[in-house]
Amino acid sequence: MRETTQGMIQGMGPLTIVIVGHVDHGKSTLVGRLIHDTGSMPDGKLEAIKAMSEKRGMPFEWAFLLDAFQAERDQGITIDTTQIRFNTATRPYLIIDAPGHKEFLKNMITGASAAAAAVLVVDAVDGVQEQSRRHGYLLHLLGVRQVVVAVNKMDLAGYDAARFAEVEADIRAYLASIGVTPLHVVPVSAREGDNIAIRSDAMPWYEGPMVTEALDGCTPPPPPVDLPLRLPVQDVYKFDQRRILAGRIESGTLSVGDRILISPANKSARIASIETWNASAPVTMAGAGQSVGITLDEPIFVERGQIVSHAETAPVETNVFRARLFWLGHTPLRQGRTYKMKLATGEFPVEVEQIETVIDVGDLSLSASDTVERNAVAEVVLRSRSLLALDEFQQNPRTGRFVLVDGYDIVGGGIVSMEGYPDQRAQRTVVSTNIHAVESRVAMEDRWQKNNHKSGVIWLTGLSGAGKTTLALALEHELNRRGYQVYVLDGDNIRHGLSADLGFSPDDRAENIRRVGEVSALFAQAGMIVVTAFISPYRADRDHVRDIAGTLFHEVHVKADVATCELRDPKGLYKKARAGEIKDFTGISAPYEAPQAPELVVDTANQSIEQSVADLLDYVATHFRLTTKTVAAR
């Protein structure tokens, strides 16, 4: 390689890319050409390939450069992922040639999971095949967002611009449907070397970048040291009077004097010292990849598995998240089963709450199922019993990947996605200081006696169109007529005032419900019956309101399925959501977690409004009535 090129790439880490695509569409040939045409082929390798081809009586194949196994040369297919380096004038690359044959899809996933970018190879003659689509979907599952499409074998398609345009439109449409926008779609002939690293004279109609130029446009991932601080606690040791938190810094840096946050405990302190092994002088700073111990300026309780970060760049706190996983277990993964999840140094029980999509690697079919068979890929929802500290894989791969364990065996691995779910940290963090609770001098029971009924929060939850507001207003009217002190808090009304500053993102939805929960609890403590009408899609948010209001909280599931609500669509919201005009719409593009054990279920899909109101009135009469026992408690 030329000296100038070496100077440009000196000191740069390689960009890892994966080559994927349908079997026989020319992936290995394209890689061989990349190595040769960029001047990255080891001395004597080309001659060795030619000699091997002649010895076997076979035509020369660029693919032999990567075929590391005898079986591959015999069968003409790639079995395992092969890693090899090449350099352009811009930077070095580590390229992974991943198998496309369905029997070896597991190895393709292994290769793609480590890639920052991908080249999806499509045959210009055959066009986009089903396996091409599945590989594109797998890249989506694994979080690879930088995709260059190489439309190969243009020589066999007569270098026809119309044929290229047809294939390009097809692959762009499919990738757009799964949320992937290719950086470039390049017409190439890997066998002839057209548009790989040398511009083709056979396709003057194409004015875009060559494959190497398209790859040079990919953005490298930030090095671990540039990511936010993540130090998973491996163990806590006591030496003399010191408590040393030991672990490996997965990303970011820390310094003596930094104020750090321990998650999910939400405890804060400053770093008093950094302890390392065989240090010749006191250490004041450490970074990603180093194993260290730290001491804090105050004694706080810390456990293995908790994560040290800076407060301003803390990890997500949640007890529910989406996961994209590859299942390795001999026994199928089952919806409702609990497994042990290992994330960084932590181990946590998680339940498979929902299996959303399954890809069978045998025939590459997509299906909905309540089980995931061995070697299948799936999108699932996992829920833990307690809060976890983690990151989305896209934000920080170091704390965004995990494995699942069943007994003593690792049975699956996956990456974290928070799509559709909020960060629950804000709901559980008190920012104010120097505050003290003030107790009212009027007991709540005295208010009950004056009103002649108990108070509480009747929390109506359900999909948009289920009938929550209609029921809430009808119930308020009838209770007021009967002499109850009652008031309705409705979602739309609250967003005109108390929550006027909030949108409909998962985090904003969670904050809206937190505010309403606090206000509702104050209403109830003042002796009122407050009826709320909120979709409140997240179970964790409703559980948090239950924690705030305690025994005053009464959860009512206004039950109606999406199909029923969409038929009603009183505000025209489902129609807009289907047209893509409303993002994060519950039931369409955002999740709704139905209550598991509500105090009451009102099935508005199968009964009238009058019957539903009657059920609510019966519930109030039973649970809000003052009894002799209540009076005696005074």
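Contact here means heavy atoms within 4.5 Å. This briefing concerns a predicted model, in which the protein chain averages a pLDDT of 85 and 86% of the residues score at least 70. It addresses helix H12, strand E4 with its two neighbours, the cysteines, and the segments of low confidence.

**Helix H12 and its surroundings**
- Helix H12 covers residues 506-525 and includes Arg514.
- The end C-alpha atoms of H12 lie 29 Å apart, which agrees with the 28 Å that its 20 residues should span at 1.5 Å a residue.
- Buried positions in H12 are Pro506, Arg509, Ala510, Glu511, Asn512, Ile513, Arg515, Val516, Gly517, Ser520, Ala521 and Ala524.
- The cover over these buried residues includes helices H9 (444-451), H11 (491-494) and H13 (539-549), together with strands E25 (456-461), E26 (486-490) and E27 (529-533).
- Arg514 counts as partly exposed because its relative accessibility is 23%.
- The C-alpha atoms of Arg514 and Val545 are separated by 6.8 Å in space, although 31 residues apart in sequence.
- Gly527, just after H12, adopts a positive phi of about 95°.

**Strand E4 and its partners**
- Strand E4 comprises residues 117-123, and seven of its seven residues are buried.
- In a regular strand the side chains alternate between the two faces of the sheet.
- On one side of E4 the buried residues are Ala117, Val119, Val121 and Asp123, while Ala118, Leu120 and Val122 are buried on the other, so both faces are covered.
- Strand E1 (residues 15-21) runs parallel to E4 and is joined to E4 by five bridges; within this pairing, Val20 has Leu120 as its bridge partner.
- Strand E5 (residues 147-152) also runs parallel to E4, through six bridges, and Val148 in E5 stands opposite Val119.

**Cysteines**
- No disulfides are found in a search of the whole structure.
- Cys218 is buried because its relative accessible area, 3%, falls under 20%.
- Cys565 has a relative accessible area of 0% and is therefore buried as well.

**Segments of low confidence**
- Residues 1-11 have pLDDT under 50 throughout, and the model gives this segment 15 contacts beyond four places in sequence.
- Residues 68-81 likewise stay under 50 in pLDDT, with 32 contacts beyond four places in sequence.
- Where pLDDT is low, the predicted coordinates should not be read in detail.

Definitions and conventions
Residues numbered from 1 in each chain as written. Predicted model: local features only at pLDDT ≥ 70, side-chain atom pairs only at ≥ 80, totals over all residues. Heavy atoms only, no water. Disulfide = S-S within 2.5 Å. Buried < 20%, exposed > 50% of the residue type's maximum accessible area, 1.4 Å probe, protein only. Helix = DSSP H or I, 4+ residues; strand = E, 2+ residues; numbered from the N terminus. pLDDT = per-residue confidence, 0-100. Expected span 1.5 Å × (residues − 1). Pairing = 2+ DSSP bridges.
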